[in-house]
Amino acid sequence: RQSDLKFNYYLAYQGFTGRLKFDDQKKTLNLEVIPASSEVQNSTQTKAMSGGEKSFTTIALVMALGDQLFTPFRSMDEFDIFMDSVNRKMSMALLI
């Protein structure tokens, strides 16, 4: 799917890898993410990720899904609340 490719594309900005797993029958979406800081090359549950890693993953997901929508503008509020200055700067570059 195009969203999966875009999700991985946006994650790569931070050195992450990952994918989206859509299950149409169960109507679920699962995220597999391997942060750049991970020593293990297995997908990480979001519970084990830092606040900044979770926030960046959320930005990547919103951007990937948003690329499939044709809207004149998008708005986000307080997406950077758990980010450090490096993650905030990277996310802002993706959003603008």
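The following questions and answers concern the fold, core, surface and salt bridges of a predicted model.

Local features of this predicted model need pLDDT of at least 70 and side-chain atom pairs count only at pLDDT 80 or more, whereas totals for chains, interfaces and linings use all residues. Residues are numbered from 1 along each chain as its sequence is written, and side-chain values use heavy atoms, with hydrogens and water left out.

Me: What pattern does the chain follow along the sequence?
Reply: Helices (H or I, at least four residues) and strands (E, at least two) are taken as DSSP runs, numbered from the N terminus. The chain has three helices and two strands. Read along the sequence, the pattern is α-β-β-α-α.

Me: Which residues of helix α1 are buried?
Reply: Buried means under 20% relative accessible area, exposed means over 50%, and partly exposed lies in between (1.4 Å probe, protein chains only). Helix α1 spans residues 2-11, and its buried residues are S3, D4, F7, Y10 and L11.

Me: Why do these residues lie on the same side of α1?
Reply: The arc is that of the directions from the helix axis to the C-beta atoms. An α-helix has 3.6 residues a turn, so residues three or four places apart point the same way. The buried residues of α1 lie on the same side because they cover an arc of only 130° around the axis.

Me: What covers the buried residues of α1?
Reply: Contact here means heavy atoms within 4.5 Å. The cover includes both strands and two helices, namely β1 (17-23), β2 (28-34), α2 (51-66) and α3 (85-95).

Me: Which helix supplies the largest share of the largest nonpolar core?
Reply: A nonpolar core is a set of buried Ala, Val, Leu, Ile, Met, Phe, Trp, Tyr and Cys residues joined through side-chain atoms within 4.5 Å. The largest one has 16 residues, and those with the most contacts inside it are F7, Y10, L11, V33 and I59. Helices α1 and α2 each supply at least two residues of this core. The largest share, six residues, comes from α2.

Me: Which residues does T57 contact beyond its neighbours within four places in sequence?
Reply: T57 is found in helix α2 and counts as buried, since its relative accessibility is 4%. L11 has T57 among its own contacts, along with others including F16 and V33. With neighbours within four places left aside, the contacts of T57 are F7, L11, F16, L31, V33 and M49.

Me: What distance separates the C-alpha atoms of G52 and D84?
Reply: G52 lies in helix α2 and is buried, with 7% relative accessibility. Not counting residues up to four places away in sequence, G52 touches F82, M83 and N87. G52 and D84 are 32 residues apart along the chain, and the separation of their C-alpha atoms is 6.6 Å.

Me: What is the area of the nonpolar surface patch that includes L29?
Reply: Patches are made of residues with over 30% relative accessible area and no salt bridge, like charges being joined within 9 Å and nonpolar side chains (Val, Leu, Ile, Met, Phe, Trp, Tyr) within 5 Å. Accessible areas come from the Shrake-Rupley method with a 1.4 Å probe, and for residues only the protein chains shown count as cover. L29 lies in strand β2 and is partly exposed at 34% relative accessibility. Together, F22, L29, L31 and L65 make a patch of about 270 Å².

Me: How many residues apart in sequence are the parts tied together by K6 and D67?
Reply: A salt bridge is a side-chain nitrogen of Lys or Arg within 4 Å of a carboxyl oxygen of Asp or Glu. The side chains of K6 and D67 meet in one, at 3.7 Å from N to O. K6 lies in helix α1 and D67 in the loop between α2 and α3, so the parts tied together are apart in sequence by 61 residues.

Me: Which residue forms a salt bridge with K21?
Reply: K21 is partly exposed, with a relative accessible area of 34%. Its partner also counts as partly exposed, at 24% relative accessibility. The closest N and O atoms of the pair are 3.0 Å apart, and the partner is E32.

Me: What is the N to O distance in the salt bridge of D80 and R88?
Reply: D80 is partly exposed, with a relative accessible area of 21%. R88 is partly exposed as well, with 30%. Their side chains meet at an N to O distance of 2.9 Å.
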